[in-house]
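Subject: Structure for your files

Hello,

Here is the structure I said I would pass on. My notes on it follow below.

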Amino acid sequence: MLLNRWAELAAEPQPLVVASTCYGWFLSAAAVEGRAAQAIPPEIAGIQRFARSLGCHYVLLDCDGEEVEELPTFSW
């Protein structure tokens, strides 16, 4: 999966700062700009926008977490 590949990179070359956890991924909600923004899937960009609208700086995509109606879900 894309987030796994990014999590394996050092922070500098990651288009989006992301860390893998045993339950999912921890990622930055900061807006991604420039060329890196083109690499962000629209679903992830939407999750980031939603998080920022709530004043959040980070998002935890957790396989056991609650679902938010406004956001996409993913089968793991």
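How many aromatic pairs does the count come to? The count comes to one aromatic pair, and please keep in mind that the model is predicted. The partners are F26 and Y58, which are stacked, with 5.2 Å from centre to centre and 10° between the planes. F26 belongs to strand β2 (residues 24-28) and Y58 to strand β3 (residues 58-62), so the pair links parts that lie 32 residues apart in sequence.

Is F26 buried or exposed? Neither: F26 is partly exposed, at a relative accessible area of 39%. L60, found in strand β3, is also partly exposed, with a relative accessible area of 47%. Together with Y58, these residues form a nonpolar patch on the surface, and the accessible area of F26, Y58 and L60 together is about 320 Å².

As for the protein as a whole, there are two helices and three strands, and their order along the sequence is α-β-β-α-β. The radius of gyration is 12 Å, which agrees with the value near 11 Å that a compact globule of 76 residues would have. Along the principal axes, the C-alpha atoms fill a box of roughly 30 × 25 × 20 Å.

Of the 76 residues, 26% are buried. The accessible surface comes to about 5,400 Å², and 52% of that belongs to carbon and sulfur atoms. Among contacts between residues at least 6 apart in sequence, 49% join residues at least 24 apart.

Regards

Key: Residues numbered from 1 in each chain as written. Predicted model: local features only at pLDDT ≥ 70, side-chain atom pairs only at ≥ 80, totals over all residues. Heavy atoms only, no water. Phe/Tyr/Trp six-rings, centres within 6.5 Å; stacked < 30°, edge-to-face > 60°. Helix = DSSP H or I, 4+ residues; strand = E, 2+ residues; numbered from the N terminus. Buried < 20%, exposed > 50% of the residue type's maximum accessible area, 1.4 Å probe, protein only. Patch = residues over 30% accessible without salt bridge, like charges linked within 9 Å, V, L, I, M, F, W, Y side chains within 5 Å. Areas by Shrake-Rupley, 256 points an atom, 1.4 Å probe, with all protein chains shown as cover. Salt bridge = Lys/Arg side-chain N within 4 Å of Asp/Glu carboxyl O. Rg over C-alpha atoms; globule rule 2.2 N^0.38 Å. Contact = heavy atoms within 4.5 Å.
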